[in-house]
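This briefing introduces a protein model to a reader who is new to structural work. Please keep the sequence and the three-dimensional view at hand while reading.

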Amino acid sequence: MTELRTLKVALLGCGNVGAQVARILIEDADTLAARAGAKLQLSGIAVRNVNAKRDVDLPQELFTTDAETLVKDADLVIELMGGIEPARTLILSALRNGACVVTGNKALLAQDGPTLHEEADKAGVQLSYEAAVAGAIPILRPIRDSLAGDRITRVLGIVNGTTNFILDQMDTTGAQFADALAEAQRLGYAEADPTADVEGHDAAAKAAILASLSFHTRFALENVHCEGISSVTAADIAAAKDAGFVIKLLAIAEKLEDSDGGKGVSVRVHPTLLPREHPLAAVHGAFNAVFIEAENAGELMFYGQGAGGAPTASAVLGDLVSAARSLVLGGAGRMETTTGHVPALPIDAAVTSYYIGLDVADQPGVLARIAQLFAEHGVSIEIMRQTIHRDAESNVESAELRIVTHRAPEAALAATVEAVKGLDVINSVTSVLRVEGV
Ligand code: NAP
């Protein structure tokens, strides 16, 4: 039997994910070598503090603070430090040296993906990042490779476990947002500063990556319309539940055609009502799932753990074995195509349904006036339900109206809501949420 070649693997970062990657590289060295066709030798681990206590017992001599030197000597570089710098400079330096790079850094990819891809293409090496979207779930390679012969039309993803946990808590217990967030923080699902998760920034970075691969066009963070969940109230959740919906924070990327036949991709993140029977409605707790619609494959759903050290390490090692194989067999070549050239559409051009909750005066003719206003804006109503309330003290009756529209351009829907607000019979607009899957 011929002796296997040895490939040097530099690991940058030894936190939640990096420590698990190091553990698996050492514990499963023989299996990984058999699968990669080369021995994967962990040549060093770059960290900030070499003496910090780690989750996993690892040989102390592997640790260094000199990431630059470690990268220079590596065949494969795994970047799990996070953040923009020095991760960006180190990845570029690794690629220029001809090393394949595996990263989980969605923030960096969403901000400066094109530069990294260009460098990888120039050097003819792989840049892989399965871990950057939905942790353990194999989603990027299926989109890039398995669906390369199909046309994806729409991607709907629950790609942030923290917000899914919070919304699920609110749905199952009736809790307010702040209480559900506090529970998520207590259980370690949310960070002390939860902004990136609850305001949708983390999901937006993943939406840009999903859209880029799905539509063969590089989309950046600035192309993603982003709304978080901090303004979702227990009343919104209860009303949605009552109407047969669940609220999820979705990353959406879909191809749309305007009335002139022009095509574009709408990439957005926002709280979304889904019918309870939609497959994504059954994704509970901190789990992630991505639902894909493709012209020939039809509907596909990918489900699993979207974060956590070991689950994310699984995705990193899958990329590493694939990159090692490319070095052993040669011809890594270009991994992704960017031949789509479809423009990113502004949020106004998105086509969606709306759920609108209204508190209205209980007077004859109110429903007709509201329905007419919708019709004037070209928005047709799919469901309109009315519940009457009587104030115990004043004895005044008011009506709660819940409207679900058919799909219509966002601009028309937004204009309708503005016009409705101006009607004298409207006490208040209690909620406006987008709806998918109807
Ligand atoms: P983490 O626990 O914060 O660990 C970061 C590691 O990087 C630490 O070991 C830290 O060193 C090291 N580091 C940071 N800045 C450095 C610098 N300037 N020089 C040298 N070392 C540096 O992060 P993580 O949760 O493992 O996440 C790593 C990456 O994976 C991020 O891009 C994240 O977005 C992505 N990701 C994470 C998850 C997850 O579940 N955690 C899921 C998907 C993707 P010290 O230990 O010495 O401080």
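Which residues touch the most other members of the largest nonpolar core? They are Leu25, Leu40, Ile45 and Ile139, in a core that holds 116 residues. The model is predicted, and the points below treat its cores, its ligand site and several individual residues in turn.

**Nonpolar cores**

- Helix H10, which covers residues 201-214, supplies nine residues to the largest core, and this is the largest share.
- A second core, separate from the largest one, has 20 residues, among them Val366, Val417, Val420 and Ile426.
- In soluble globular proteins, nonpolar side chains tend to be buried together.
- Ile45 is in contact with Leu11, Gly13, Cys14, Ala22, Leu58, Leu62, Phe63, Thr64 and Leu70, when neighbours within four places in sequence are left aside.

**The ligand and its surroundings**

- There are 21 residues around the ligand, and Cys14, Val17, Asn49, Arg54 and Gly308 come nearest.
- Asn49 places a backbone N or O atom 2.8 Å from an oxygen atom of the ligand.
- Arg54 takes part through its side chain, where an N or O atom is 2.6 Å from an oxygen atom of the ligand.
- Gly308 has a polar backbone atom 2.7 Å from an oxygen atom of the ligand.
- The ligand taken alone exposes 910 Å², and the protein buries 76% of that.

**Helix H12 and the loop that follows**

- Helix H12 consists of 21 residues, 309-329, and its first and last C-alpha atoms are 30 Å apart, close to the 30 Å expected at 1.5 Å a residue.
- Gly330, just after H12, takes a positive phi of about 85 degrees.
- His341 lies in the loop between H12 and strand S13, the latter formed by residues 351-361.
- The phi of His341 is near 50 degrees, a positive value in a residue other than glycine.
- His341 counts as exposed because its relative accessible area is 64%, and the cut-off for exposed is over 50%.

**Phe215, a buried loop residue**

- Phe215 belongs to the loop between H10 and strand S8, which spans 225-226.
- Why is Phe215 classed as buried? Its relative accessible area is 4%, and buried means under 20%.
- Setting aside neighbours within four places in sequence, the contacts of Phe215 are Ile152, Thr153, Arg154, Ala253, Glu254, Lys255, Val265, Gly340 and Val342.
- Phe215 and Thr338 are 123 residues apart along the chain, yet their C-alpha atoms are separated by 8.1 Å.

**Strand S15 and the loop before it**

- Ser398 is located in strand S15, residues 397-405.
- With a relative accessible area of 19%, Ser398 is buried.
- Ser398 touches Asp359, Val360, Asp362, Thr387, Ile388, His389 and Asn427, if residues up to four places away in sequence are not counted.
- Asn395 sits in the loop between strand S14 (381-390) and S15.
- The phi of Asn395 is near 65 degrees, a positive value in a residue other than glycine.
- Asn395 is partly exposed, its relative accessible area being 48%.

**A cis peptide bond**

- Where is Pro86 found? Pro86 is in the loop between strand S4 (76-79) and helix H4 (87-96).
- The peptide bond from Glu85 to Pro86 is cis, and its omega is near 5 degrees.

Key. Residues are numbered from 1 along each chain as its sequence is written. This is a predicted model: local features need pLDDT of at least 70, side-chain atom pairs count only at pLDDT 80 or more; totals for chains, interfaces and linings use all residues. Side-chain values use heavy atoms; hydrogens and water are left out. A nonpolar core is a set of buried Ala, Val, Leu, Ile, Met, Phe, Trp, Tyr and Cys residues joined through side-chain atoms within 4.5 Å. Buried means under 20% relative accessible area, exposed over 50%, partly exposed in between (1.4 Å probe, protein chains only). Helices (H or I, at least four residues) and strands (E, at least two) are DSSP runs, numbered from the N terminus. Contact means heavy atoms within 4.5 Å. The expected span of a helix is 1.5 Å times one less than its number of residues. A residue is near a molecule or strand if one of its heavy atoms lies within 4 Å of it. A polar contact is a pair of N or O atoms within 3.5 Å; within protein, one must be able to donate a hydrogen and the other to accept it, and residues adjacent in sequence count only if both atoms are side-chain atoms. Accessible areas come from the Shrake-Rupley method with a 1.4 Å probe; for residues, only the protein chains shown count as cover.
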